[in-house]
Amino acid sequence: MNIASLIRPSTSPHMPAPRRLRLVRVQATVLAQGAVGAMKDGVKAFRHMCDVLTGGDAQARH
């Protein structure tokens, strides 16, 4: 399944998507954004713990 097609509806000149399909697209978008945010937070936490355990400077990494 192509996630981009869920986030950006197609620009075809056909009739508009039914309400249920729009709701599914919105839900998929929100879930995708939540998953990406959680992954970013996980990476930041991992990097921080690596810096704490190895004595690295966490402020040097952006």
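How many helices and how many strands make up the secondary structure of the protein chain? In this predicted model, the count comes to 2 helices and 0 strands.

The chain has 62 residues, and 6% of them count as buried. Its exposed area is about 5,700 Å², of which carbon and sulfur atoms supply 64%.

Helix α2 runs over residues 19-54, which makes 36 residues. From the first C-alpha to the last, helix α2 reaches 53 Å, close to the 52 Å expected at 1.5 Å a residue. After α2 comes Gly55, with a positive phi near 80°.

Three residues of α2 are buried: Arg25, Thr29 and Asp51. Thr29 is counted as buried because its relative accessible area, 16%, is under the 20% cut-off. The side chain of Thr29 also reaches the backbone oxygen of Arg25, at 2.8 Å. In general, residues three or four places apart in an α-helix point the same way, because there are 3.6 residues a turn.

Met49 also has its place in helix α2. Met49 counts as partly exposed because its relative accessibility of 43% lies between the cut-offs of 20% and 50%. Together with Val52 and Leu53, Met49 makes a nonpolar surface patch of about 320 Å².

The table sets out the two α2 residues for which accessibility is described above.

| Residue | Place | Relative accessible area | Class |
|---|---|---|---|
| Thr29 | helix α2 | 16% | buried |
| Met49 | helix α2 | 43% | partly exposed |

Note on methods. Residues are numbered from 1 along each chain as its sequence is written. This is a predicted model: local features need pLDDT of at least 70, side-chain atom pairs count only at pLDDT 80 or more; totals for chains, interfaces and linings use all residues. Side-chain values use heavy atoms; hydrogens and water are left out. Helices (H or I, at least four residues) and strands (E, at least two) are DSSP runs, numbered from the N terminus. The expected span of a helix is 1.5 Å times one less than its number of residues. Buried means under 20% relative accessible area, exposed over 50%, partly exposed in between (1.4 Å probe, protein chains only). Accessible areas come from the Shrake-Rupley method with a 1.4 Å probe; for residues, only the protein chains shown count as cover. A polar contact is a pair of N or O atoms within 3.5 Å; within protein, one must be able to donate a hydrogen and the other to accept it, and residues adjacent in sequence count only if both atoms are side-chain atoms. Patches are made of residues with over 30% relative accessible area and no salt bridge: like charges are joined within 9 Å, nonpolar side chains (Val, Leu, Ile, Met, Phe, Trp, Tyr) within 5 Å. A salt bridge is a side-chain nitrogen of Lys or Arg within 4 Å of a carboxyl oxygen of Asp or Glu.
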